[in-house]
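Colleague: I'm new to this one, so could you walk me through it and tell me how you know what you say?
Modeller: Sure, let's put it on the screen and start.

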Amino acid sequence: MASLSSFLLLLILLFAITLASSAASVKTYFPGIFQSSLKKNDKNLKPKIPYETHYFPQNLDHFTFQPKSYKIFYQKYLLNSQYWQKGAPIFVYTGNEGDIDWFAANTGFLLDIAPKFHALLVFIEHRFYGESKPFGKNSYKSAKTLGYLNSQQALADFAVLIRSLKQNLSSETSPVVVFGGSYGGMLAAWFRLKYPHTAIGALASSAPILQFDGITPWSSFYDAVSQDFKDASLNCYEVINSSWTELESISKEGLAELSRDFRACKKVSSIYSARDWLWEAFVYTAMMNYPTESNFMKPLPAYPVKEMCKIIDESSPGASKLSRVFEAASLYYNYSQAEKCFELEDETDDHGLSGWNWQACTEMVMPMTVSNKSMFPPSSFSYKEFADDCMKNYGVRPRQHWITTEFGGKNIEQVLKRFGSNIIFSNGLQDPWSRGSVLKNISGSLVALVAEKGAHHTDLRPATGKDPDWLIEQRKQEVEIIHKWISDYYLDMKQE
Ligand SMILES: *[C@@H]1O[C@H](CO)[C@@H](O)[C@H](O)[C@H]1NC(C)=O
Ligand SMILES: *[C@@H]1O[C@H](CO)[C@@H](O)[C@H](O)[C@H]1NC(C)=O
Ligand SMILES: *[C@@H]1O[C@H](CO)[C@@H](O)[C@H](O)[C@H]1NC(C)=O
Ligand SMILES: *[C@@H]1O[C@H](CO)[C@@H](O)[C@H](O)[C@H]1NC(C)=O
Ligand SMILES: *[C@@H]1O[C@H](CO)[C@@H](O)[C@H](O)[C@H]1NC(C)=O
């Protein structure tokens with residue numbers, strides 16, 4: 001039963017959401033975001049970041065000219081001008097599906113490189129996320145309001161805001177470079193392609209722009225997660241793979257014991273809650289398989305996949321597979337050592353990611369299946385079931401071909417080699433989203449930087465004293481390429 005119709009979406013990090021009313025559990029992972037162990041309303045949640053907050057009066061609808069399109073909402077953006085000189089470059093982070101402060105706090109790369117370029121740093125929040133909700137608390141009420149949440153409106157917001165900002169700074173000739181990770185990376189790449197007069201180049205990190213419309217095999221995401229664990233230890237992969245049958249053999253009467261064993265805060269109502277909880281730990285840990293200690297969704301040690309597998313490999317041989325897998329998952333949920341018990345069912349949305357469900361149900365259709373090569377129980381994807389769920393939840397059906405119609409993606413090398421320029425597609429092969437990203441050089445200025453040991457937008461994270469050489473090298477190469485775009489731009493300007 002319960003074929004997990006798992007369509008997953010992720011970008012920056014990952015976040016798992018169950019659409020409550022769907023019969024099968026439908027999980028959504030975001031390409032960029034993780035859930036943090038901090039509880040809602042925790043004051044510490046607001047990261048301390050060296051940015052000033054501003055609000056820009058933005059147009060609700062850029063593409064129609066009905067009176068209601070002119071409704072204004074306040075779009076949040078963050079500014080750091082401490083290194084900036086007039087005329088120097090403007091680096092814009094194209095915000096993705098969550099609070100912009102959180103992305104700013106996790107994109108230390110821009111702060112690290114700003115001094116070298118005397119760059120102004122701008123982080124723009126994506127409409128319908130964080131504080132940039134056009135209809136306030138009612139923004140997610142129905143398709144009537146959510147209809148204005150889509151990637152094309154978001155790109156237009158960025159363009160309008162950048163134009164206004166440059167004008168206000170009297171720095172219209174400043175070159176703009178856009179940056180983004182995960183969904184934000186997709187937006188950065190698309191922004192360069194759609195608004196070449198506004199951005200001279202884009203760094204699109206872990207941007208799965210090929211995860212649509214069957215361009216990348218549907219099973220690739222979970223195959224990649226599994227490969228990470230297999231590479232860490234074959235035994236670990238096999239133990240995880242065979243733990244699911246142990247879990248499935250637990251009857252309704254066994255749920256109390258399972259809840260105790262899993263140190264659940266509240267008794268779980270189904271084994272599928274436990275399964276999803278384990279599943280999420282493995283997926284996010286693969287995404288966050290960073291070479292140094294990190295705290296994106298949750299605090300994790302360096303190379304956490306290896307650490308999880310160590311727990312499995314070194315546990316006593318008498319322990320059940322399920323208990324070993326639980327101990328491994330606890331590394332993800334309790335590396336902080338601060339959890340008294342685990343919330344297996346009531347996850348909190350600390351970074352404001354829930355708008356992604358709407359995007360997944362309309363334009364961001366990324367079907368995912370689980371193949372028999374993976375360490376997860378195989379499952380298929382039914383487009384009809386998925387579309388029916390969306391209809392039930394939002395009253396609209398997905399447009400599964402829209403993204404490739406609007407932005408392309410099919411035969412991308414052939415299409416872009418004679419059209420696009422100045423985009424870096426950076427990826428880490430540990431990141432399961434990398435398989436839906438651009439991994440090959442397309443032309444001299446459409447460059448793929450691939451780090452075998454990198455994870456989800458590792459390059460955008462702040463530099464640390466413990467960074468491995470390959471990461472230092474990757475960032476250095478990015479800086480050199482961006483430097484070239486900028487000097488070409490100034491040279492062209494002089495010659496005019
Ligand atoms: C530019 O200035 C105008 C007028 O003061 C203001 O309304 C607008 O928000 C400013 N633009 C930005 C991007 O802050
Ligand atoms: C994974 O588990 C399933 C079910 O127990 C089993 O049929 C399959 O052979 C296992 N695959 C691997 C590679 O261990
Ligand atoms: C989390 O880790 C701490 C320290 O090891 C431990 O005392 C606590 O029981 C753990 N929490 C859970 C839910 O396992
Ligand atoms: C695994 O899937 C492949 C392709 O779907 C199929 O050909 C193969 O028979 C399957 N193997 C097992 C052991 O089920
Ligand atoms: C793409 O070209 C750059 C040099 O411009 C090189 O460093 C990089 O390794 C190439 N990427 C791939 C995936 O071959």
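Modeller: By class, the shell around ligand 1 has five nonpolar, two polar and no charged residues. Keep in mind that this is a predicted model.

Colleague: Which residues are we talking about around ligand 1?
Modeller: Phe56, Pro57, Tyr77, Leu161, Ser164, Leu165 and Asn168.

Colleague: What makes Tyr77 count as nonpolar or polar here?
Modeller: The scheme lists Tyr, along with Phe, Pro and Leu, as nonpolar. Ser and Asn are not on the nonpolar or charged lists, so they count as polar.

Colleague: How do you know that Tyr77 has a polar contact with ligand 1?
Modeller: An N or O atom in the Tyr77 side chain sits 2.5 Å from an oxygen atom of ligand 1. The cut-off is 3.5 Å, so the pair qualifies. Ser164 has a side-chain N or O atom 2.8 Å from a nitrogen atom of ligand 1, and for the side chain of Asn168 the distance to a ligand 1 oxygen is 2.3 Å. Those pairs are within 3.5 Å too, so they are polar contacts as well.

Colleague: How much of ligand 1 does the protein bury?
Modeller: On its own ligand 1 exposes 360 Å², and 57% of that is buried by the protein. Strand E1 (52-59) and helix H4 (151-168) each give two or more residues to the shell, and H4 gives the most, with four.

Colleague: And what surrounds ligand 3?
Modeller: Arg263, Asn334, Gln337, Glu339, Lys340, Cys341 and Phe342. By class, that shell has two nonpolar, two polar and three charged residues.

Colleague: What makes the pair of Glu339 and ligand 3 a polar contact?
Modeller: A polar backbone atom of Glu339 is 2.6 Å from a nitrogen atom of ligand 3, and the limit is 3.5 Å, so it counts. Arg263 brings a polar side-chain atom to 2.6 Å from a ligand 3 oxygen, while an N or O atom in the Asn334 side chain is 2.3 Å from an oxygen of ligand 3. Of the 360 Å² of accessible area that ligand 3 has alone, the protein covers 63%.

Colleague: Why are helices H9 and H11 called oblique?
Modeller: H9 (residues 271-287) and H11 (residues 321-334) pack at about 55°, with axes 9 Å apart. Roughly parallel needs an angle under 35 degrees, and roughly perpendicular starts at 65, so an angle between those limits is oblique. H9 and H11 are therefore oblique to each other.

Colleague: Is their crossing left-handed or right-handed?
Modeller: The crossing of H9 and H11 is left-handed.

Methods
Residues are numbered from 1 along each chain as its sequence is written. Chains are lettered from A and ligands numbered from 1 in the order in which they are written. This is a predicted model: local features need pLDDT of at least 70, side-chain atom pairs count only at pLDDT 80 or more; totals for chains, interfaces and linings use all residues. Side-chain values use heavy atoms; hydrogens and water are left out. A residue is near a molecule or strand if one of its heavy atoms lies within 4 Å of it. A polar contact is a pair of N or O atoms within 3.5 Å; within protein, one must be able to donate a hydrogen and the other to accept it, and residues adjacent in sequence count only if both atoms are side-chain atoms. Accessible areas come from the Shrake-Rupley method with a 1.4 Å probe; for residues, only the protein chains shown count as cover. Axes are lines fitted to C-alpha atoms, for helices over the stretch in contact, and angles run from 0 to 180 degrees between N-to-C directions. Angles under 35 degrees count as roughly parallel, over 145 as roughly antiparallel, 65 to 115 as roughly perpendicular and the rest as oblique. A crossing is left-handed if the near helix is turned anticlockwise from the far one by less than a right angle, and right-handed if clockwise.
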